[in-house]
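Trainee: Please show me the structure, and I will ask about a few of its parts.

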Amino acid sequence: MSFTIPSKQKALLVPERFAPWAITEIDVPSPGEGEVLVRSEVVGLNPADWGMQKFDFLKLKYPAILGLEAVGTVVKLGEGVTSLAVGDVMCVYSLFHHKFVPTDYPVLARLHPGSNWTGYPTFRQYNIAVAELTSKVTFFASATCWVYIY
């Protein structure tokens, strides 16, 4: 199974502090070692996302792409990934300030452009996920990942 991956994608962001949400176009990232690229099928918008936009309690750098979770289809594997396959459906969780994530994961050293989140926010069409920190699911079971159809 293979997928055509575009070079650009749409993302939902907050352009400046307390501003309304806006849609923009950004590059589609490539997965690094131990990561997968996931095409979003459903994305969660929860109170924490709304609170970050409305109250800026994390003191974000702007423009900021937010999003804590999504469910999607694996479309590309990074080097060394053997636990997942292209076509698998999985939950994706943003990796920012997560106390259970080991600090030696290479992805945690990255800074998403326009944000001070460590890792990858999910309000975009294609997301990066650390293979070891993901869950394979069915679309039917994805409701247990606390996501809603967007």
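Trainee: Which strand do the buried residues of α1 pack against?
Mentor: This is a predicted model, where local features need pLDDT of at least 70, side-chain atom pairs count only at pLDDT 80 or more, and totals for chains, interfaces and linings use all residues. Residues are numbered from 1 along each chain as its sequence is written, and side-chain values use heavy atoms, with hydrogens and water left out. In α1, the buried residues (under 20% relative accessible area, 1.4 Å probe, protein chains only) are Asp 49, Gly 51, Met 52 and Gln 53. They pack against β1 (8-14).

Trainee: Is Phe 55 buried, partly exposed or exposed?
Mentor: Phe 55 is found in helix α1, residues 47-55; helices are DSSP runs of H or I with at least four residues, and strands are runs of E with at least two. Partly exposed lies between the buried limit and the exposed one, over 50%. Because its relative accessibility is 47%, Phe 55 counts as partly exposed.

Trainee: Which strands stand at the edges of the open sheet?
Mentor: The sheet has 5 strands in the order β7-β3-β5-β6-β8, with antiparallel pairing. Each edge strand has a single partner strand, so one side is left without a neighbour in the sheet; these are β7 (126-130) and β8 (135-136).

Trainee: Over how many bridges do β3 and β5 pair?
Mentor: Two strands pair if DSSP finds at least two bridges between them. Ser 40 stands opposite Gly 72 in β5. Strands β3 (residues 35-43) and β5 (residues 69-77) pair in the antiparallel sense, and the number of bridges is 7.

Notes. Contact = heavy atoms within 4.5 Å.
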